[in-house]
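Student: I would like a close look at a single part of this model. Please take one helix and show how it fits with the rest.

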Amino acid sequence: MSDYFATLKMQQGRLKQAMLNAGLNTAVSLSKASGVRGETIGEYLNFKRSPVEKKSGKYRESIQKICNALNSLPEDLFPQHLHHEVATKKISQFVDDSRL
């Protein structure tokens, strides 16, 4: 029997790091800096929306605005292996002392 039950919450790490580097700690603060709705930014952070259009394969206009606000290139924050959506952003499991 384990003494610990842990839950890991995932977010898009490249985007989150760029936000923190720019002093923007929340989706709301990035929204104000970029002009992109906070809900949309949240969807990108939480893998609920792909950064590219399905038909064209091009980065969405909102991604361009976000990248402009963060002085970053879309391919740096959203490389191809991060163009997917994720069904769940949480992983939970029992852990023991050796894994802490």
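Tutor: What follows is about helix H3 and its surroundings.

This is a predicted model, in which local features need pLDDT of at least 70, side-chain atom pairs count only at pLDDT 80 or more, and totals for chains, interfaces and linings use all residues. Residues are numbered from 1 along each chain as its sequence is written, and side-chain values use heavy atoms, with hydrogens and water left out.

The chain has five helices and two strands, in the order β-α-α-α-α-α-β from the N terminus. Helices (H or I, at least four residues) and strands (E, at least two) are DSSP runs, numbered from the N terminus. The pLDDT, the predictor's confidence in each residue from 0 to 100, averages 93 over the chain. Its mean is lowest in strand S2 (residues 90-95), at 90, and highest in H4, at 98.

H3 covers residues 38-45. Its residues Thr40, Ile41, Gly42, Tyr44 and Leu45 are buried. Buried means under 20% relative accessible area, exposed over 50%, and partly exposed in between (1.4 Å probe, protein chains only). The buried residues of H3 pack against H1, H2 and H4. After H3 comes Phe47, which has a positive phi, near 60°.

The largest nonpolar core has 16 residues. A nonpolar core is a set of buried Ala, Val, Leu, Ile, Met, Phe, Trp, Tyr and Cys residues joined through side-chain atoms within 4.5 Å. Leu15, Leu30, Ile66 and Leu70 touch the most other members. At least two residues of this core come from each of helix H1 (13-21), helix H2 (27-34), H3 and H4. In soluble globular proteins, nonpolar side chains tend to be buried together. Leu70 is in contact (heavy atoms within 4.5 Å) with Leu15, Ala18, Met19, Ala22, Leu24, Leu30 and Leu77, leaving aside its neighbours within four places in sequence.

The loop between H3 and helix H4 (61-69) holds Arg60. Arg60 counts as buried because its relative accessibility is 17%. With neighbours within four places in sequence left aside, Arg60 is in contact with Tyr44, Arg49, Ser50, Pro51, Val52 and Glu53. Tyr44 is one of the buried residues of H3.

For the chain as a whole, 32% of the 100 residues count as buried. Along its principal axes the C-alpha trace spans about 50 × 30 × 20 Å.
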